[in-house]
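Reader: I should be grateful for a close look at a single part of this model, namely its enclosed space and the strands and rings around that space. Please proceed from the cavity outward.

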Amino acid sequence: MNPILLKQRITKWIEACQFLKSAEIKEQLDTDEWTAIEELSNLWNKNFTANGVKDDALAHIDTLKRCEDMHPNNLKIKEMSKALTGVAREMMTKDEATYNEFKEALKKEIKQNRPVPKAPPTPKVTPTVKPKVPATPKTPVIPKTPPRTTVSDRDIKIVTVENRNVDYDGNVIDDFGSKLKVGSLYISSRLHIATSYVGEAVIETRFVDPDGKERGSTSTKFDINGSGNYRTISYGNDNGNYWNKPGYWTLKYYINGREAHTHKLYIYPKDNKITIEKVLFGNSDEQSNIIDDYGSTLYTNTKYLRPKITFSTARRGNTKFEIKITSPSGKVSTYDTTINITQDSETWNLTGWGNDQGTFYTAGQWKVQFYVDNVLLRTETVTIHSRTTPRPPVTPRNTGGGGGGNSGKGFVNFLKWAVIIGTVLFALNYFSRMDCSGRSDLPVEYAIADGVKLYQQPKLNSVVNQKLNRGTKLYLVEREGDTGWIKVETDDGTKGYIHESYTLSEEMHTNISKLFANSDPAVVDKFQRMKYQVMKNQALADVYRFAPGFMTVNAKIVDVDTAADKPYEQVAFLITDGTSTFAVAYSFNADGEPKVTRYSALHEKRNDTYFTAISLFTAYQLKVKTSDGKTVTVDIFK
C-alpha cells in the first residue's frame with residue numbers, strides 16, 4: 001500500500017480508538033457497542049488465519065453499524081465509529097498480506113510514540129564497613145498452588161447466533177440463513193464468540209416457546225481457542241413435533257449458571273401454500289362426460305367449462321377451491337369445489353360451470369381465477385371462439401305461384417329487398433364490432449415501469465426495438481418455452497420480446513393503478529422519483545398476491561423507501577386500507593425478482609393510532625413512526 005495512505009489509516013485508527021475508549025465516552029455506549037469497540041481495537045495484534053480475524057472483524061463492524069444512530073446528541077461518536085469500522089473493513093477483511101502490513105505499521109507507530117522512562121540518578125554512597133552477621137539458614141520455599149480459575153460469561157462474549165435444522169444423523173435440512181418452520185426436526189446454533197480465553201467451557205441452552213413455557217435445555221462442552229464460530233448440540237425430535245408453534249422462541253445461553261446471551265428465533269408457520277403449476281380447460285356435459293378434451297379449442301356451444309389443474313403443496317386433507325369466472329363483458333360468476341389432497345403433487349379435474357344448453361359462453365376472452373382460503377393462487381385466460389362465421393341469408397327464388405299477378409310479384413320483390421337490407425345491416429353491425437387488428441383473442445400484459453425495453457430477440461444484448469412507458473398495453477403473441485421471455489405486440493403494431501418479470505397482468509396493472517390513485521400525490525411523486533421502479537412495482541404486485549384480503553379497493557401507500565445500505569436489494573412499504581396499517585419489507589434476488597421472505601404485519605389501527613412514515617430502513621431493521629409520536633422497531637429476519 002502507498003506509505004502515505006497507510007500512514008493516514010494508522011492515524012485515523014489511533015484517533016478513533018483513543019476517543020471511543022475514553023472513560024467519558026464509554027459511559028455513553030451500549031454494552032454490545034462497547035464490547036465491539038474493545039474487541040475490534042485489539043484485533044490488530046493477532047494471527048490473521050489462526051485467530052479468524054476477518055470473521056471477527058466483520059461481526060464487530062456489523063454491531064457498530066447497527067449502533068451508529070444511537071447517539072443523536074453526540075455525532076462525534078458516530079463519526080469516530082465510522083472511522084474505526086472503515087479502517088477495519090479496509091485493513092482486516094481483505095487478505096492476510098494487507099492485514100500484516102497494517103499490523104507492522106501500527107506496531108512501529110506505537111513503539112515510536114511510546115515514552116521511554118528515564119533511569120533515576122544513582123545517589124552517591126559513602127562506603128561503610130559493615131559488621132559480619134552470621135548467616136541465617138534458609139527456609140525452604142514451598143511452591144504455591146495457582147488458584148483454580150472458572151470460565152464465566154465475562155470471559156466469553158456471544159456476539160451473534162445463527163440456527164439451522166438437521167436430522168438425527170446431522171444431515172442438513174435447512175442451513176444457516178434459511179427460514180425455519182414448524183415441523184423442524186433438530187435445531188442447532190452456531191455461536192460467534194469473541195474471547196481471548198483458551199480452554200474448556202460448558203454452555204447451557206434453554207428453550208422457551210412463544211407462550212413463555214420453558215421446553216427443555218441442553219449443554220454443550222466446547223474447547224475454546226480464542227474468538228471464532230462454535231456449534232451447539234442440536235435439540236428436537238424425529239417426529240418434528242417439538243418445534244410445533246409459530247412465533248418467537250427464546251434461546252437463552254448460560255455460562256457457569258449466569259445468563260450470557262439471549263437470542264430470539266422466529267419459527268415460521270408450516271407452509272401450506274398451494275402452487276398451481278398448470279391449467280387446462282375442457283368442455284363437458286352435465287354428467288361430467290368430456291365433449292372437448294382438455295387443451296382443445298373451445299367454442300360458443302361449450303356446456304360446462306371444466307378446469308384440470310396440476311399443483312404442488314404440503315397441505316393435506318379436504319381443501320375447497322373457489323373459482324371466479326369473468327366474462328368478456330365483465331360479469332362475474334363464482335362457484336366452489338372441494339378435493340381431498342393426499343400427496344405433494346397432484347392433478348385434479350375440477351367440476352365445471354355453465355349450462356346444459358351450451359348458451360352460457362359467448363365468444364371472447366374469459367378470465368378464470370382460483371382461490372383457496374381467500375388467497376388468489378392463479379389467474380388464467382381462456383378464449384371461446386365463434387362456432388361459425390355469419391353468412392348472408394339465401395334470397396328465396398321466385399317460382400311464380402298462383403293468384404295475384406303483379407301484386408304477387410311486388411310482394412316477392414319486397415321480401416327480396418327486405419332480406420338484402422337486413423343482411424347488409426347485420427353485416428355492418430357485426431364487422432363494426434370486430435377487432436380488425438387480429439388481437440382480440442390475445443392475452444394482455446402491461447409494461448411494469450418506464451424505460452422497460454422491447455428487444456428484437458429474446459436476449460438482453462439484442463437490438464432494442466422500443467422503450468416502453470409504464471402501463472403500455474402489450475398483446476402476448478407467444479411464449480419462448482420456459483425461458484420467461486414472451487413475444488408481444490403494442491397497439492401501434494411494434495413487435496418484440498420482453499421478459500415477463502417486466503410485465504404485469506391486466507388485473508395487477510389495474511390494482512396498482514388504483515393504489516396510486518388512492519394515495520397522496522406527494523407519496524406517489526416520491527415513488528416515481530425514486531430509482532429501481534421495476535423492483536418496487538414487482539414488490540407491490542407481490543403484496544397483492546401475499547395479502548389479497550387486506551388489499552381492498554381502498555388501500556393506499558403511506559410511505560415507501562429503499563434500504564440505505566442495500567438499495568438494489570431491499571424495499572419497504574407502509575400501506576393502509578383505512579382500518580389497519582402494516583409495513584412490509586422485501587428483499588430481491590440477483591434478477592431483481594421479489595422474495596416474500598421479510599414480511600411484518602406490525603400494527604392494527606387502534607384509537608386513531610397508525611403508521612405515518614418510515615424513519616430508518618437498513619438491511620437489518622425497519623423503524624416506523626406512528627401518529628402518536630412513537631417509533632416501532634422491527635428486526636428484518638433472514
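Author: The model is a predicted one. With a threshold of 30 Å³ or more, the count comes to one cavity, and the space within this largest cavity is about 40 Å³. Its lining consists of N163, I187, S189, T205, F207, T218, T232, I233, L251 and Y253. Three elements, β3 (186-194), β4 and β8 (247-255), each give two or more residues to that lining. In character, the lining residues divide into five nonpolar and five polar, with no charged residue.

Two of these elements lead into a sheet. Strands β4 and β8 belong to an open sheet of four strands, whose order is β5-β4-β8-β9 and whose pairing is antiparallel. At the edges stand β5 (214-225) and β9 (258-267); each has a single partner strand, so one side of each is left without a neighbour in the sheet. From one strand to the next, the twist averages 25 degrees.

The pairing of β4 with β5 can be stated in detail. Strand β4 covers residues 198-208 and pairs with β5 in the antiparallel sense over 11 bridges. One particular bridge joins R206 to its partner S217, which lies in β5.

The aromatic residues come next. The model holds 19 aromatic pairs. One of them is formed by Y248 and Y266, in an edge-to-face arrangement with 5.0 Å centre to centre and 70 degrees between the planes. The angle is over 60 degrees, the cut-off for edge-to-face, and therefore the pair is neither stacked nor tilted. This pair links distant parts of the chain, since Y248 is in strand β8 and Y266 in strand β9, 18 residues apart. Y248 has a relative accessibility of 38% and so counts as partly exposed. Y266 is partly exposed as well, because its relative accessible area is 26%, which falls between the limits of 20% and 50%.

A further aromatic group returns the description to the cavity. F207, Y235, Y242, W243 and W249 form one aromatic cluster. Among the members of this cluster is F207, and F207 is also named in the lining of the largest cavity.

In summary, β4 and β8 give residues to the lining of the largest cavity and stand side by side in the open sheet. Strand β8 also carries Y248, whose ring pairs with that of Y266 in β9.

Key:
Residues numbered from 1 in each chain as written. Predicted model: local features only at pLDDT ≥ 70, side-chain atom pairs only at ≥ 80, totals over all residues. Heavy atoms only, no water. Pairing = 2+ DSSP bridges. Axes fitted to C-alpha atoms, helices over the stretch in contact; angles between N-to-C directions. 1 Å grid on protein atoms, 1.4 Å probe; cavity = no way out; pocket = protein on both sides within 12 Å on 5 of 7 lines; lining within 4 Å. Points joined across faces, edges and corners; volume = space filled by probe spheres on them. Nonpolar A, V, L, I, M, F, W, Y, C, P; charged D, E, K, R; others polar. Phe/Tyr/Trp six-rings, centres within 6.5 Å; stacked < 30°, edge-to-face > 60°. Buried < 20%, exposed > 50% of the residue type's maximum accessible area, 1.4 Å probe, protein only.
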